[in-house]
Amino acid sequence: MEAALKERQAQIHRTGEEPFNLICNKDSLAGAVSQRACVFCGSRVVLYPIADALHLVHGPIGCAVYTWDIRGALSSGPELHRLSFSTDLQEMDVIFGGEKKLTAALRELIDRHSPKAAFVYSTCIVGIIGDDLEAVCKKVEDEKGIPVIPVQSEGFKGNKRAGYTAACNAMARLIGTGDTTGISPYSINILGDFNLAGEIWMIRDYFERIGVEVVANITGDGRVADLQRSHGAALNVVQCSGSTMDLARMMEDEYNIPSIRVSYFGVEDMAQALYDVANHFKDADLLRRTTELVREELEVLLPRLEFYKEALAGKKAAIYVGGSFKAFSLVKAFRLLGMDVVMVGSQTGTEQEYRELAEITDPGTIIVDDTNPLELTSFLEEKQVDIFVGGVKERPIAYKLGVGFCDHNHERKEALAGFAGMLNFVEEVYLSVMSPVWRFTKRCKKEVGGAL
Ligand code: SF4
């Protein structure tokens, strides 16, 4: 706690030490060097995996570079999303406006790449100079005959969560414009998985095996045409609720599609996700197929976990992720392995989510909202953790401290969702925690009095 600035202390809670009263969902403290990304980045994270759309960043080149190939989201077909286009605004554009440049860039890129739709992202400087994205997009849309959608994601106008909302607003303009003929009554949209390492293919496979049709992936391995007909699905299944729950709410209001929140990480939550969908449709055959699938998967997985449980029991884990819903699954996954979670936090968690985290974690566990490198360093040192689970910005903090790290975000190449993903996760945790390299780090030297 010593590392936290006075103004930040209300965003840190220790389970069991005081009544729960954590403040969250507010702008980051200026100067605190938050781990959070900007509004624009939040919108890129959500929209980026739509693979057959053109993604044009209207702003200085740095904004595009910052989010270039931001999640390496895999596609089973087109890969237009992996190209990062920018209008590269310069000083003269800032003085005289960037609309002409944007119009020319859109025309050229649409002619060259024939996308199914185009997303045009607004950045800080565009918000300041006041380019009319709406008007430019409308003009090019009329000319080219594809949806050209402005994403109102000026970086300064809130926190990353506002970027998720900007992305959902943009997608809402596509939804409802496609043909829904032939969609099964047992059908879903998968919201909030971004297919970083093929997870959406695993999840789709599970749903298809139990007899549920997936209409649209929103947005991992996403397609414009699927989004356009996604209002024909009977249910929205939302993971990573921070990023796509807004869209689920909009679809409930507009098209009367109910939604459920799930997580695909960890054994319990993956099984629960399948059961929740099966129970929603109230179909005995569907439920039977779900039970069979879960049993088959667990028969393979559980015996293989035994070795890792024995090796990892009692090791300490810290978690810092984008949305806190994922943190619940990680806490449960570490519990299953007999490991202790000593710190858990997120960039964009809600009060309710943190309250629930406080209920399921052990006394003394640090719960933190919107933290920064200095605080994280002090927490990891205080708790002497064996593994830190986070994203790209947390990795160097762990390595500098001589702590094992598991990437659960942008840069990972292993699928960690589903039953097979649980095994990948456990293997990665085991290899990191048990690596002999930690015998040569500062942290371990301290533990053994400097002797190796
Ligand atoms: S939108 Fe603003 S805060 Fe975000 S990367 Fe660009 S300049 Fe930085």
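Which residues does Leu-54 touch, not counting residues up to four places away in sequence? Keep that question in mind while you open the structure, and remember throughout the tour that you are looking at a predicted model.

**Stop 1: Leu-54**

Select Leu-54, whose place is in strand β2, residues 53-58. Now show the residues it touches beyond its sequence neighbours, which are Leu-80, Phe-85, Leu-109, Ile-110, His-113, Pro-115 and Ala-118. Leu-54 has 24 other C-beta atoms within 10 Å, and because 20 or more count as buried, Leu-54 is a buried residue. For a contrast in position, add His-280 to your selection: it stands 226 residues from Leu-54 along the chain, and the C-alpha atoms of the two are separated by 36 Å.

**Stop 2: the three domains**

Next, colour the protein by its division into domain 1 (6-23 + 313-412), domain 2 (39-167) and domain 3 (187-292). Notice that domain 1 is written as two stretches of the chain, 6-23 and 313-412. If you mark the centres of domain 1 and domain 3, taken over C-alpha atoms, you will find 27 Å between them. Where these two domains meet, 11 residues of domain 1 are in contact with 12 residues of domain 3. On the side of domain 1 that touches domain 3, the residues divide into five nonpolar, three polar and three charged.

**Stop 3: around the ligand**

Select the ligand and then the residues around it, which are Cys-38, Phe-40, Cys-41, Gly-59, Cys-63, Tyr-66, Thr-123, Cys-124 and Gly-155. Two elements, α1 (39-47) and α2 (61-66), each give two or more residues to this shell. If you colour the shell by residue character, you will see six nonpolar residues and three polar ones, with no charged residue among them.

**Stop 4: the sheet of four strands**

Move on to an open sheet of four strands, which has the order β7-β6-β8-β9 and parallel pairing. The strands at its edges are β7 (213-218) and β9 (259-261), and since each has a single partner strand, one side of each is left without a neighbour in the sheet. From one strand to the next, the twist of this sheet averages 25 degrees.

Within the sheet, select strand β6 (residues 187-191) together with strand β8 (residues 235-238); they run parallel and are joined by four bridges. Here Ile-188 stands opposite Leu-235 in β8. Then add helix α11 (residues 267-281), which lies across β6, β8 and β9 and runs at about 165 degrees to β8.

**Stop 5: backbone details in two loops**

Which backbone features are uncommon enough to deserve a slower look? Most residues other than glycine have a negative phi, and most peptide bonds are trans.

Select Asn-195 in the loop between β6 and α8 (199-209), where the residue has a positive phi of about 50 degrees although it is not a glycine. Asn-195 counts as buried, with 27 C-beta neighbours inside 10 Å.

Then go to the loop between β7 and α9, where you will find Asp-221. Asp-221 also is not a glycine and has a positive phi of about 50 degrees, and with 24 C-beta neighbours inside 10 Å it counts as buried. Thr-219 lies in the loop between β7 and α9 (224-228) as well, and the peptide bond leading from Ile-218 to Thr-219 is cis, with omega near 15 degrees.

**Stop 6: the sheet of six strands**

Finish with an open sheet of six strands in the order β1-β12-β11-β10-β13-β14, whose pairing is mixed. At its edges stand β1 (12-14) and β14 (404-407), each with a single partner strand, so one side of each has no neighbour in the sheet. Neighbouring strands are turned by 15 degrees against each other on average, direction ignored.

Select strand β10 (residues 316-321) and strand β13 (residues 387-390), which pair in the parallel sense over three bridges, and look for Ala-317 opposite Ile-387 in β13. Two helices can now be added to the view. Helix α13 (residues 324-336) packs on the sheet, touching β10, β11 (340-346) and β13, and its direction makes about 170 degrees with that of β11. Helix α17 (residues 418-433) packs on the sheet too, touching β13 and β14, with its direction at about 155 degrees to that of β14.

Technical notes
Residues are numbered from 1 along each chain as its sequence is written. This is a predicted model: local features need pLDDT of at least 70, side-chain atom pairs count only at pLDDT 80 or more; totals for chains, interfaces and linings use all residues. Domain bounds come from an automatic or database domain assignment. Two residues are in contact if their C-beta atoms, placed from the backbone, lie within 7 Å. Ala, Val, Leu, Ile, Met, Phe, Trp, Tyr, Cys and Pro count as nonpolar, Asp, Glu, Lys and Arg as charged, and the others, Gly among them, as polar. A residue is near a molecule or strand if its C-beta atom, placed from the backbone, lies within 6 Å of it. Two strands pair if DSSP finds at least two bridges between them. Axes are lines fitted to C-alpha atoms, for helices over the stretch in contact, and angles run from 0 to 180 degrees between N-to-C directions. A residue is buried if 20 or more other C-beta atoms lie within 10 Å of its own, exposed if 12 or fewer, and partly exposed in between; C-beta atoms are placed from the backbone.
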